[in-house]
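Colleague: I'd love a close look at one part of this model, the charged side-chain pairs, and a little about what surrounds them. Could you take me through it slowly?

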Amino acid sequence: MKRALVPGTFDPITSGHIDIITRSTHIADEIIVAVAPSVKKNPLFTLEERVELARAATAHLPTVTVVPLEGLLVEFARKMGASAVVKGLRAITDFEYEFQQTALNYEIDPKLETIFIMSPPHYMYLSSSIVREIASMNGPLDTFVPDCVQKALREKFGAEDFDLKQ
């Protein structure tokens with residue numbers, strides 16, 4: 001059975017992330033979504049909250065498991081029995097960063113493959129930071145994140161009564 005890891009901070013998980021995760025299910029038999037602590041990014045949601053939101057957002061995908069990422073990605077992939085890492089790419093800036101990370105991972109474990117999936121045009125602009133900014137201004141979120149994430153964002157920003165389908 002082929003197992004792949006889809007790592008990320010997921011602060012919060014977006015429709016773009018879900019697209020990459022869903023498409024990765026066609027590449028491997030089992031997908032492990034690994035939610036990174038990323039303390040240096042100063043996340044809005046705690047690691048536990050991000051894991052729970054990712055679990056709720058991917059509950060419809062039976063071959064997807066969501067876990068917190070512990071330690072180095074390469075070592076974690078090995079521990080989880082993953083033979084590949086799947087990363088989404090939106091733009092050239094993503095590629096430069098991911099290329100560097102892939103090269104480093106290759107130096108640590110040349111057997112761990114990295115697979116890049118391009119975002120479709122309607123998600124190329126989408127990022128967790130943009131979603132947080134829109135949510136902080138009580139803007140519409142329905143095309144950017146699933147309902148469970150909308151609700152969590154509204155609670156974080158004190159707009160619990162906002163119509164989710166506005």
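Which helix holds both E52 and R55, and how many residues apart are they there?

Modeller: Happy to! Both sit in helix α2, 3 residues apart, a separation of about one helical turn. Before going on, a word on the model: it is predicted, so local features need pLDDT of at least 70 and side-chain atom pairs pLDDT 80 or more, while totals for chains, interfaces and linings use all residues. Numbering starts from 1 along each chain as its sequence is written, and side-chain values use heavy atoms, without hydrogens or water. Helices (H or I, at least four residues) and strands (E, at least two) are DSSP runs numbered from the N terminus.

The side chains of E52 and R55 form a salt bridge, with 2.8 Å from N to O; the term asks for a side-chain nitrogen of Lys or Arg within 4 Å of a carboxyl oxygen of Asp or Glu. In general, side chains of opposite charge can pair when their charged atoms come close. As for exposure, E52 has a relative accessible area of 46%, which makes E52 partly exposed. R55 also falls in the partly exposed class, at 38% relative accessibility. The classes are buried under 20% relative accessible area, exposed over 50% and partly exposed in between (1.4 Å probe, protein chains only).

The model as a whole contains 10 salt bridges, and two others are worth a visit. One joins the side chains of R78 and D109, at 3.4 Å from N to O. This pair ties together distant parts of the chain, for R78 belongs to helix α3 while D109 lies in the loop between α4 and β5, 31 residues apart. The two partners fall into separate accessibility classes: R78 is partly exposed, with a relative accessible area of 48%, whereas D109 is buried, at 12% relative accessibility.

Next comes the pair made by D94 and R90, whose side chains meet in a salt bridge of 2.9 Å, N to O. Here D94 is the buried partner, with a relative accessible area of 16%, and R90 is partly exposed, with a relative accessible area of 28%.

Now back to α2, to see what lies around it. Among the elements that the buried residues of α1 (15–24) pack against is α2 (47–57) itself; contact here means heavy atoms within 4.5 Å. The buried residues of α1 also pack against β1, β2 (30–35), β3 (64–68), β4 and β5 (113–118). That helix is mostly covered, since 7 of the 10 residues of α1 count as buried. If you want to pick them out on your screen, they are S15, G16, I18, D19, I20, I21 and S24.

Following the chain from α2 towards β3, you meet A59 in the loop between those two elements. A59 is exposed, with a relative accessible area of 61%, whereas D94, with its 16%, is buried. For a sense of scale, A59 and K87 are 28 residues apart in sequence, and their C-alpha atoms lie 20 Å apart in space.

So, to return to your question, E52 and R55 are set about one helical turn from each other because they are 3 residues apart in helix α2, and their side chains meet at 2.8 Å, N to O.
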